[in-house]
Amino acid sequence: MGMFCNQCEQAAKGVGCDIIGVCGKNPEVAALQDLMLFGLKGLGIYADKARELGKKDEAIDLFMIEGLFTTVTNVDFDPVQLAGKLRTCYDSKEKIKAVYETAYREKNGSSAPQITAGPAAWVIAGDLAGLVKQGEEHGINTHHTDADVRSAIEILIYGLKGMAAYADHAYILGKKDEEVFAFFHRAMAATADPAKGLMDFVGLSMECGKLNIKVMGMLNEGHVDHYGHPVPTKVPTGTRKGKGILVSGHDLRMLEELLKQTAGKGIDIYTHGEMLPAHGYPGLKQKYAHLYGNFGGAWQDQAKEFPLFPGAIIFNTNCIQRPADSYKDRLFSWGQVGWPGVKHIPGWDFSEVINKALECPELADAPEKEILTGFGHNAVLGVADKVIEGVKAGAIKHFFLIGGCDGAKPGRNYYTELAEQVPQDCVILTLACGKYRFNKLEFGDIGGIPRLLDIGQCNDAYSALQIALALADAFKCGVNDLPLSMILSWYEQKAVVILLSLLHLGIKNIKIGPSLPAFVTPNVLNFLVENFNLGPITTPEADLKAALG
Ligand code: SF4
Ligand code: SF3
């Protein structure tokens, strides 16, 4: 059985994983995820047509988002779980097809034209082996016969996957948007439309970037509505004596529920990876004293670090890796996450996780240094006068946004070296899990403003944009004219959609690394270079010189 996947930065040999995923995705799971995309195209076709006739179904809109999120790198590796979701995908497609056909008949007095081929006509196989076989017939290479068009389709689909993850978190916080729902369907339908060409997918990708700003804004609003604006907060790292649960992922609402259910139970809650910014929210940190500290580094260190955390561990989103036997029995998944043999918590009752934490040995009294988080746009713009004064007086010469995903490749040391070499009169803004490359280093401050400002999770790219737009406004210039350089690291598809958002805003001269996406063909790359001067990272020395020159 073969596979082909090139959606993330780890794609084998910089081309694609074709025997087994570097992430741990095997050919069976790869086929099921490919089939999920195929099914979602069919669902998108009918949901789009139904909308044209004024009909919609929120359960189906939500499934489009969850289905896409499921196929993000390091989310769902469980074939049985995936097979269940494929059944929901098929049933949803058939349901919205019926809605469309009824609406068509009501409007036109005749039956809707039947679609007899492609994803809209998909009939689900009866068992797991059949699903895998169907998935094998609908891999990435079937998206289009032309390599450049296929590349543009992949950019769009990966952008949609990233946006789906953010839209799902926003939905869980009660934020949803009709324009966003409609776009997911329209864009997925377009990827199956033979009449669409390269520039259609370029246009849809830019639209995806635009809507993703809206989605990240909704998520930001959801976070702020529930938990207040983040405030600069010192977070202990290491552990303290007592029982503990480690929460990894991005979902703050799930963390809140766990905090509620563990209150008074003598269990400390620790954040891992992208959950670190949770400590900055007053509605979490100030309300729940047992939200204690942050443990470990970025996602790729989990197999090394989780054995050192003796309590229960739960993933609410990416990035899960193959668990070692030493901690598999105290590991849990939630939301769209899945790994075979890892206990999945299907709803909001975390008793099993809590009981496991109480059974597990206590954590050691082993505190490490504190780190700072909580510099969302509200906090940074609260000291905007000081920042602007600093720039005008020459005390702050330049801003560097060094952010994005972390990963396992040795080339990612670039980001540590870059941060270390940023001159003393420059401020570093950071976000997402790439910050673990340097967030325990000392950077000092400039006139009371810390030189390293942790804006938050990857979705807080929204906050970074608000800061950049406010600075541009204060200096009466465009974002491209600011003394600001964006040097980004990418790994999975959320980084793809954030890049699309930056490109939609016309932001130029972005550098990305540690390597360029395998799904971008030379012609598409030329397009990006010509229009946006997007380029790969080189060396810290050369990139700093270019930025400051
Ligand atoms: Fe390979 Fe990345 Fe695809 Fe996993 S998600 S199979 S590592 S390209
Ligand atoms: Fe990290 Fe997975 Fe992307 Fe949210 S947790 S940024 S890699």
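**Backbone, domain and ligand features**

Pro-514 is found in the loop that runs between strand E15 (511-513) and helix H18 (522-532). In this predicted model, the peptide bond leading from Gly-513 into Pro-514 is cis, and its omega is near 0 degrees. A second cis peptide bond joins Asn-318 to Cys-319, with omega near 25 degrees. Cys-319 also belongs to a loop, here the one between strand E5 (312-315) and helix H11 (325-328). A further backbone feature concerns Lys-13, which is not a glycine but has a positive phi of about 55 degrees. Lys-13 is placed in the segment before H1.

The domain assignment divides the protein chain into domain 1 (12-225), domain 2 (233-369) and domain 3 (377-548). Taken over C-alpha atoms, the centres of domain 1 and domain 3 are separated by 31 Å. The contact between these two domains draws 34 residues from domain 1 and 29 residues from domain 3. Between domain 1 and domain 3, an area of about 2500 Å² is buried, and 70% of this area comes from carbon and sulfur atoms. On the side of domain 1, Tyr-166, Met-206 and Met-216 account for 22% of the area buried against domain 3, which is more than any other three residues supply.

Turning to specific interactions, the count of salt bridges between domain 1 and domain 3 is zero. Polar contacts are found across this interface, where eight residue pairs meet the rule, both residues of a pair being at pLDDT 80 or more. On domain 1, helix H5 (147-172) and helix H7 (198-227) each provide at least two residues of the side that touches domain 3. H7 makes the greatest contribution to that side, with 14 residues. By class, the residues on the side of domain 1 that touches domain 3 comprise 16 nonpolar, 14 polar and four charged.

In the whole structure, the search gives 29 salt bridges. One of them pairs Arg-51 with Glu-178, and the closest N and O atoms of this pair are 2.7 Å apart. The salt bridge links distant parts of the chain, since Arg-51 lies in helix H1 (residues 27-52) and Glu-178 in helix H6 (residues 178-190), 127 residues apart.

Two ligand surroundings were examined. Ligand 1 is surrounded by 13 residues, and the closest of these are Cys-5, Cys-8, Cys-17, Cys-23 and Thr-73. The shell around ligand 1 consists of seven nonpolar, five polar and one charged residues.

Around ligand 2 the shell is made up of His-250, Glu-274, Trp-299, Asn-318, Cys-319, Cys-405, Ala-432, Cys-433, Cys-458, Tyr-491 and Glu-492. By class, seven residues of the shell around ligand 2 are nonpolar, two are polar and two are charged. Asn-318 and Cys-319, both members of this shell, are the residues joined by the cis peptide bond with omega near 25 degrees. Ligand 2 lies between domain 2 (233-369) and domain 3 (377-548), because both domains give residues to its shell.

Definitions and conventions. Residues numbered from 1 in each chain as written. Chains lettered and ligands numbered in written order. Predicted model: local features only at pLDDT ≥ 70, side-chain atom pairs only at ≥ 80, totals over all residues. Heavy atoms only, no water. Near = heavy atom within 4 Å. Nonpolar A, V, L, I, M, F, W, Y, C, P; charged D, E, K, R; others polar. Domains from an automatic or database assignment. Contact = heavy atoms within 4.5 Å. Buried area = accessible area lost by both parts, 1.4 Å probe. Salt bridge = Lys/Arg side-chain N within 4 Å of Asp/Glu carboxyl O. Polar contact = N/O pair within 3.5 Å; in protein donor to acceptor, adjacent residues only side chain to side chain. Helix = DSSP H or I, 4+ residues; strand = E, 2+ residues; numbered from the N terminus.
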